[in-house]
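Please open the model in your viewer and keep a selection tool at hand. The tour goes from one selection to the next and says what is to be found at each stop.

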Amino acid sequence: MFRPLQLLRTGFAAPLLLILATASGCNPAGSGAPASEVEESAVAGDAASTRESAPLDPWFTDRARETGIDFEHFNGMSGEFHLAEIMAPGAALFDMDSDGDLDVYLVQGQMLGAGKSLDDALIPPPPQVPLPLTDRLYRNDLEVHADGGRTLRFTDVTEGSGLDVGSYGMGVAAGDFDNDGWVDLYRTRLGANQLFRNNGDGTFRDVSRRAGVGDSGWGVSASFLDIDRDGWLDLYVGNYVVYDPEDEERCLTPTGERDYCAPKSYPPAPDRLYRNRGDGTFTDVTATAGVGREYGPGLGVLGADFNADGWVDIYVANDGEPNQLWMNRQDGTFGNGALLAGVAVDRGGDTEASMGVDAGDFDADGDDDLFMTHVTAETNTLYVNVGSGFFEDRTAMIGLGAPSMPYTGFGTAWADFDNDGWLDLLAVNGHVLVVEGLVAAGDPFPLHQRNQLFRNLSGQGFEDLSDRAGPAFALSEVSRGAAFGDVDNDGDVDVLVANNNGPARLLINEVGQRNAWLGLRLVGGAGPRDMAGARVGVIRARGPVLWRRSRTDGSYASASDPRVVVGLGEASEVTAVRVEWPSGRVEEWNDVPVRRWTTLNEGTGQRLRAEGR
C-alpha cells in the first residue's frame, strides 16, 4: 500500500496542531479544509453521461456534531514513524439496545512508544491532548413524530459501558455470537483483540479470554459469519503484519530522511478462523480448515456465497500481495480459489494494495460482484462475477479506473443511495503518501483527500457525483473506516465515516426517500438474531430481481447495519420477497408493504425448498 513517504518532522506538533486548531474553531488543511483550498489532484477521466433523473440537490449532509457525535480520533503521531499511526480507525453502526435504531461505536488510538510487547507499548499522551483517550459509544435517541418527521440525536453513554477501553484500537466487527438477541462486538487492535459480550442493559463485558478469541498481533478487519450452517456465528480475523514498536524497522527516503516503512518491510501475519462451539467459546480451526496455509497482510475481509452453492465463502483483501478467495468445501475446510476465479491479481497480473472491499450485485444479474479500494496510481478494482464464482476485471471498461487513480481508498460499499434499484458506490480516501504541495505549504497532516461517490447508470457505467454529493464531499480529510446503514430509519442508507486524527462524520442521506423502498430485517433463531449471510430477492412486476445480502462486514475495519434497504424507483408494490437463509432454507412472502420497515422471521414464510439454492 505504501510508496516512500516524507512527512513533516515536527514531533508532536503536527497532530497536536490539528487537534488544537479543530477545537478552537480553526479549519486547517487536513481537518475538513475545502478541497478548493488545498493542492489536490483532480479526478481523471470523463464521467458517464448524467441521467435526467439524477437529483440536483446535495445527496448527503454531515450532521455528526449537531446530533451529538463529538468524537475526535487521535493517532499519536510523534515523529517516530510508527506504521500503525496512519492505519486506523474503524467504526460500527449497530443496534446495541435492540430498540430498532442504529447506535454508534468509534475506535480510538493512543500514544505509541517502545515496549516489550504491543500490550505495554503505550505511553501517556502530551498534556495538550484532551482526555480520556478511549473508544466512544453513542446511543441513538431517534424520535419519529406523528407526521413522519424525525428528530435525530445521540447521547454519549461510554462511561460505565465497558467499552471505555484505552488501548490502540484499529477496527470492529459486530454480531450476536451467543444467540441471545443482543449484538456483541469484536474489537481489533495492536495487541490482543477483544470480544465484548452485550449484557442487554447498555453494558458490555470483555469475554475474550474465556471465549478463546483474544488473537494477539495486529488485527484490522474481522467478520462474523456462519461457515458451517449450524446457526452459530463463527469468526474470521484478518491480521496485517508482524509488528512491534520496539523493533520498528528504520526506513529512509531516497534523500536519506527518516520515513515510514512499506508493509513488505515486515512479515505478513497469519489470519485466524474460529469456529463457534455454541456454548460461548470458540475453537481455533485456522489449521484444520486450511486457511492457515496461505496468508498476506490482510486489511479487508468479507463473507459471501460467490459460487451460489448455499455456503458462505471468505474473501480477504491483502496489501501488496495476492488476495485470497477461500471457497467453502462444505466439510469444515476451505480452498483458496482466488487465482482460478480471477480475483487474486488484477487484469494485468499485478498484485495491488487492497484495503477496503465489498460485494454486491451492481449489474442485477443475480450474483455478487467484488469492488476494492487501492493506493494512489493503481486504481480501485471492479471484479465482475460472470457466473459460478468466476470473475473478470472490468474496471476500465465500466469507467471506475481513471477517477480513482489520484486517490488512496479505504472504506467502501455498494449501496443504492438514491433508491432507484441500482447499487451505487462510495469510497472514503486518504493518502499514505504525502502531497508535496501540502508539505511545502506547511500543512500539519499532508495526507488528506476528498471522498468519492459514484452513481450506477443501470449497470452500464458510473457517474462521478462527488462534486454534487454535498459539502462533506468538498472536505479534504484522512478517511479510513466507513460504516453504512439507515441511521434515521427513513428508508435510505446513511454513512458513518471514521477519520484518522480528525472528527467522525455522520453523512445523512437527503435523496433516497424520494423513491419507493423496501426495508427488511432478516432474523432467525431463538434470540432472534440478524441472519448475516441471508440473501433476499425482491421480485417486481417489471425488471430483474433485486438481490441484496444481509451483512455487517466488508468496507474497512468497520461494521454496518445488517438490515437491507432495497430501492424500488417508482414502483408502488412488489410481487414477492424471497429469502435464501444461511441454513439453506428458501422462503417467500407475498404481502410485504412498500416504504416501511418489515421484519421477516425464518420459518414463517412459504417454504420453496428445504435446503440448497
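What follows is a walk through two sheets, two cavities and two side-chain contacts. The model is a predicted one, and that should be kept in mind at every stop.

**First stop: the sheet of strands 29 to 32**

Begin by selecting strands 29, 30, 31 and 32, which form an open sheet of 4 strands in the order 29-30-31-32, with antiparallel pairing. Strand 29 and strand 32 are at its edges, and each has a single partner strand, so one side of each is left without a neighbour in the sheet. From one strand to the next, the twist in this sheet averages 20 degrees. Now restrict the view to strand 30 (residues 424-429) and strand 31 (residues 452-456), which pair in the antiparallel sense over 3 bridges. Within this pair, select Leu425, and you will find Phe454 of strand 31 standing opposite.

**Second stop: Glu463**

Move on to the edge strand 32 (residues 462-464), where Glu463 is found. Is Glu463 buried or exposed? Its relative accessibility is 2%, and because the cut-off for burial is under 20%, Glu463 counts as buried. Show the side chain of Arg468 as well, since a polar contact of 3.3 Å joins the side chains of Glu463 and Arg468.

**Third stop: the largest cavity**

Next, turn on a cavity display; the count comes to 5 cavities of 30 Å³ or more. The largest cavity has a volume of about 350 Å³. To centre the view on it, select Trp414, Ala415, Arg549, Arg551 and Arg563, which are the closest to its centre of the 28 residues that line it. The elements that give two or more residues to this lining are strand 25 (357-360), strand 29 (409-415), strand 34 (479-485), strand 40 (546-549) and strand 41 (564-569). Strand 29, already met as an edge strand of the sheet, provides the largest share of the lining, with 4 residues. If you colour the lining by class, you will see 11 nonpolar, 6 polar and 11 charged residues.

**Fourth stop: the second largest cavity**

The second largest cavity holds about 280 Å³ of space. Select Asp305, Gly310, Val312, Gly533 and Pro582, which, of the 28 residues lining this cavity, are the closest to its centre. Two or more residues of the lining come from each of strand 15 (216-225) and strand 21 (298-304), and the largest share, 3 residues, belongs to strand 15. Coloured by class, this lining shows 10 nonpolar, 8 polar and 10 charged residues.

**Fifth stop: the sheet of strands 21 to 24**

From strand 21, extend the selection to the open sheet of 4 strands in the order 21-22-23-24, in which the pairing is antiparallel. Strand 21 and strand 24 (334-336) are the edge strands, each pairing on one side only, and the twist from one strand to the next averages 20 degrees. Inside this sheet, strand 22 (residues 313-318) and strand 23 (residues 324-328) pair in the antiparallel sense over 3 bridges. Select Tyr315 to see its bridge partner in strand 23, Leu325.

**Last stop: Asp530**

Finally, go to strand 38 (residues 529-530), in which Asp530 lies. With a relative accessibility of 17%, Asp530 counts as buried. Display Arg521 beside it, because a polar contact of 2.8 Å joins the side chains of Asp530 and Arg521.

Notes. Residues numbered from 1 in each chain as written. Predicted model: local features only at pLDDT ≥ 70, side-chain atom pairs only at ≥ 80, totals over all residues. Heavy atoms only, no water. Buried < 20%, exposed > 50% of the residue type's maximum accessible area, 1.4 Å probe, protein only. Polar contact = N/O pair within 3.5 Å; in protein donor to acceptor, adjacent residues only side chain to side chain. 1 Å grid on protein atoms, 1.4 Å probe; cavity = no way out; pocket = protein on both sides within 12 Å on 5 of 7 lines; lining within 4 Å. Points joined across faces, edges and corners; volume = space filled by probe spheres on them. Nonpolar A, V, L, I, M, F, W, Y, C, P; charged D, E, K, R; others polar. Pairing = 2+ DSSP bridges. Axes fitted to C-alpha atoms, helices over the stretch in contact; angles between N-to-C directions.
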